[in-house]
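Let's take a walk through this fold, stopping at a few helix pairs and a few single residues along the way. Have the viewer open and follow along.

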Amino acid sequence: MRIGLLGTGPWAQLAHAPALSGHDGLDFAGVWGRRPEAAKELAERHGVRAYDDVDELFADVDAVAVALPPDVQAGLAVRAARDGCHLLLDKPLAPTVEQGRAVVEAAEEAGVASVVFFTARFQPEPEAWIAEQAAVPGWFTGRAQWLGAVFTSESPFATPWRREKGALWDVGPHALSVLLPVLGDVRRVTAAAYGPGDTAHVVLDHAGGASSTLTLSLTAPPAASGAVVELLGEAGAAVLPESSDGAVPALMRAADALLAAARTGRPHACDAAFGLRVTEILTAADELLKDAGRRPRRTAGPVPTPGRS
């Protein structure tokens, strides 16, 4: 599969470009970026072409990998799908439900495959743990604590979109990608409140009857950063294991998933439709958080019923 990369920022440099260039099943064709000089530099580093015209890249490849802010990703993903390109996307899929739905509809209408890169879903130990826990009945509650130090350390990922959207939209998708396949879809976001910095506390009611809590932050002290997911139920307690793999091997597995979905026509569990569902849940939580910022209160925010267009 011939694939192009959209984006030239830290994530594209550290993860996407190495994964695409190192994958035996991909022909890494070239790079397009909003800053042509950065695209040229990244392309030269990997011995590929720098594209000035994104539509020309779409015409030259079978698929695109996207390492761009979510609002930019959504619009370009629609265009790429309409040009017949399979989609290897990043989380969150889009910053609004409408934009996310447009990506899903474009992919379905064009008959192209899509995979959204939720890191833990493509790392061997977390992936195996999620599958194992999904088969265990009787989960009562769960908690996901995803704390980053992006804004409290010298991080290259303190980008404008993360400053605008905060931890809910950056690490919230990771937490949801682990909890949803185990506890089931979210029926309601029952509470949301701010903590220090951009910290968000969210309480979810799952279709299977369990509840879960999320604590999400990009402003944690560096010594307090890290991710913990714990499930409690009839079987006792289960804790998400750490992965021995970093982002590049995980992205290569996501590319494997895209290749399989394109070959078989069977959607991957982390396709654009799943990415849309995550966006719907984040939007419901975001609405409660915005309301809490004006006048603190606890209320219930319904999550729209999922459905593939």
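When axes are compared here, each one is a line fitted to C-alpha atoms, for helices over the stretch in contact, and angles run from 0 to 180 degrees between N-to-C directions. Keep in mind that this is a predicted model.

With that in hand, start at helix α1 (residues 10-22) and look at its packing against helix α9 (residues 247-264). Their axes sit 8 Å apart, at an angle of about 50°. Angles under 35 degrees would count as roughly parallel and 65 to 115 as roughly perpendicular, so α1 and α9 come out as oblique to each other. As for handedness, α1 passes α9 in a right-handed crossing. On the α1 side, the contact is built from W11, L14, A15, H16, P18, A19 and G22, and α9 answers with A247, V248, L251 and M252. Sort those residues by type and you get nine nonpolar, two polar and no charged.

Now swing round to the other partner of α1 in this tour, helix α2 (residues 36-46). Here the axes come within 11 Å and cross at roughly 40°. α1 and α2 are therefore oblique to each other as well, and α1 passes α2 in a right-handed crossing. The residues that meet are A12, Q13, A17, P18 and S21 from α1, with L42, R45 and H46 from α2. This contact divides into four nonpolar, three polar and one charged. P18 is worth a click, since it turns up in the contact with α2 and again in the contact with α9.

While you're at α2, have a look at P36, which belongs to that helix. Is P36 buried or exposed? Neither, quite: its relative accessibility is 48%, so P36 counts as partly exposed. Its C-alpha atom is 9.2 Å from that of T8, with the two positions 28 residues apart along the chain.

For a helix pair with another geometry, go to helix α4 (residues 70-82) and helix α5 (residues 97-110). Their axes come within 8 Å and cross at roughly 15°. That falls under the 35 degrees limit, so α4 and α5 are roughly parallel to each other. The crossing of α4 past α5 is left-handed. D71, A74, A77, V78, A81 and R82 of α4 make the contact with Q99, A102, V103, A106, A107 and A110 of α5. By type, that is nine nonpolar, one polar and two charged.

Leave the helices and pick out a strand residue, A65, which sits in β4 (residues 63-66). Its relative accessible area is 0%, so A65 is buried. What surrounds A65 once neighbours within four places in sequence are left aside? Its contacts are I3, G4, L5, L6, H16, L20 and L88. H16 is a residue you've already met, in the contact of α1 with α9. D24 is 41 residues away from A65 along the chain, and their C-alpha atoms are separated by 16 Å.

The last stop is S212, in strand β10 (residues 211-217). S212 is at 0% relative accessibility and therefore counts as buried. Where does its side chain find a polar contact? With the side chain of H206, at 2.7 Å. Beyond neighbours within four places in sequence, S212 is in contact with T141, G142, L179, L183, V202, V203, L204 and H206.

Key. Residues numbered from 1 in each chain as written. Predicted model: local features only at pLDDT ≥ 70, side-chain atom pairs only at ≥ 80, totals over all residues. Heavy atoms only, no water. Helix = DSSP H or I, 4+ residues; strand = E, 2+ residues; numbered from the N terminus. Buried < 20%, exposed > 50% of the residue type's maximum accessible area, 1.4 Å probe, protein only. Contact = heavy atoms within 4.5 Å. Polar contact = N/O pair within 3.5 Å; in protein donor to acceptor, adjacent residues only side chain to side chain. Parallel < 35°, antiparallel > 145°, perpendicular 65-115°, else oblique. Left-handed = near helix turned anticlockwise from the far one by under 90°. Nonpolar A, V, L, I, M, F, W, Y, C, P; charged D, E, K, R; others polar.
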